[in-house]
Amino acid sequence: MTLRFKLTELQPFNWIYNLAPCFPVTASKINIITNPKQFYNTLYDRFRSAKRRISIASLYIGTGELEKDLLGITVDNVKINPNLTFNVLLDYQRGTRGEINSRSLFKHFTNGLSNRCNLALYQTSRLQGSWSKALPSRYNEIVGLQHMKLYISDNSVILSGANCSNDYFKERQDRYIEIEDEDLANFYCDIIDEVTKFSKQERENNSVEKIRKDVMIKSLNYNIKKLITKWKEYQYAKISSSQEIKNQSDTWIFPLIQMGEFNINQDEEATCKIMETVPEGSHLRLATGYFNLTEKYAKILLKHCKANISLLMAHPNANGFMGAAGPAGGIPHAYSLIAREFWQQVTEYNQISRVQMLEYERPGWTFHAKGLWYYPSGSGVPWITVIGSANLGERSVRRDLEAQAAIFTSSADLQARLHDECSKLHEYASECSTDLQERQAPLWVRATVGLFRTYF
């Protein structure tokens, strides 16, 4: 028996059943969060009331008052609930930056609870050994990061691109979708646990366990692929044997893992196939905080994709690096140059009528949202979205660890809510192709834009 979508609008995408495990749910199990404050309040409520597990994967945890309050109520919950465990996976380079950092904050709050509160710090294999010390702080982060953003409490999973930090709780716009499903939560916990095994583990004597580079690369590749296969087989058997699941489900979740360093490329493959599969007359809306399409993505969009395309990105004023000291301050200008070059390709391929470029600009806010929404021909609402931590750029595909999900739905209610989410992001968007041509960039940025394209 082969699993397939029954609805005509989704049948072109049946290939995804072969790529990733399928987790069927009803639309009522999905909560779309649309702003940073609501994101923080949801995390606060979930972590305060969790009974069995809290598991987080993020780039880092900030050190502001909101983060301290969140850690405080989480640890208080652990103290009064003997069955609750609290596991956190962060990036080593980012999580140990500065004297007061994610690591020191976690240790302060969880002192005496090391048996049920665990911090793991992932370090890319590319920085193992002398490279870790040769590159200065901040700059060593361009080599590769733990970039997954997963917030799990019991059977609830929040997929996002937002870090667990003050900016992301206030005025940095991202995306956040919460899904209530035990199997899906177990899957993402398994992913976090697998990466944790090959991360630096905090010990009572303040030491960390070191992992050999060759062991890490070979083992993570094998273990993650084995885990994905196990879940594909488990979910296939579960769905195939239950007519109730088939009849009641109106939404199908497909987790997509991207770890280019370990040759795990589910998200890249799914993104390419979606762009190649969407039929003429449909609309594909894409968003990224950092516009730097891979050569492969750009080629598919311009030469093989038949849908109408809109690309939403951060205006330089809405880029989190705007005003940063040193070379980082040039990043917003570099993204504008890269976007300009892409628009020149749009013009050369005579695709102006099919491709639209937009920038998000909102006073006092930065833009960090990413993903896609697929609108079938004649539909005013999306039937598919992809959400998670990955941008559409080189480092997401090649350098960082990313966790995504493709969500397919026939539910009119969920489609309307997804459209509302997408529309709210576009309230602050304006067409930018002309501005891109006129925008000036510092000479040094123009001279080094190739490096930005490779590492950012």
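Strand β13 (residues 283–288) and β17 run antiparallel and are joined by five bridges. This is a predicted model. The briefing starts at that pairing, then turns to the nonpolar cores.

**Strand β17 and its partners**
- Opposite Leu372 in β17 stands Leu286.
- β17 also pairs with strand β18 (residues 384–388), through three bridges.
- This second pairing is antiparallel as well.
- Trp373 has Thr385 in β18 as its bridge partner.

**Burial of β17**
- β17 covers residues 371–375, and five of its five residues are buried.
- Gly371, Trp373 and Tyr375 point one way from the strand.
- Leu372 and Tyr374 point the other way.
- Residues on both sides of β17 are buried.

**The largest nonpolar core**
- This core holds 60 residues.
- Phe254, Leu284, Phe342, Met357 and Phe408 touch the most other members.
- Helix α13 (residues 331–348) gives the core its largest share, nine residues.
- A second core, of 44 residues, lies apart from it.
- Val25, Phe198, Ile224 and Leu414 are among the members of that second core.
- In soluble globular proteins, nonpolar side chains tend to be buried together.

**Contacts of Leu284**
- Which residues does Leu284 contact, leaving aside its neighbours within four places in sequence?
- Among them are Leu372, Trp373 and Tyr374.
- Ile274, Met275 and Val278 are also in contact with Leu284.
- So are Ala307, Asn308, Ile309 and Ser310.

Conventions
Residues numbered from 1 in each chain as written. Predicted model: local features only at pLDDT ≥ 70, side-chain atom pairs only at ≥ 80, totals over all residues. Heavy atoms only, no water. Core = buried A, V, L, I, M, F, W, Y, C linked by side-chain atoms within 4.5 Å. Buried < 20%, exposed > 50% of the residue type's maximum accessible area, 1.4 Å probe, protein only. Helix = DSSP H or I, 4+ residues; strand = E, 2+ residues; numbered from the N terminus. Contact = heavy atoms within 4.5 Å. Pairing = 2+ DSSP bridges.
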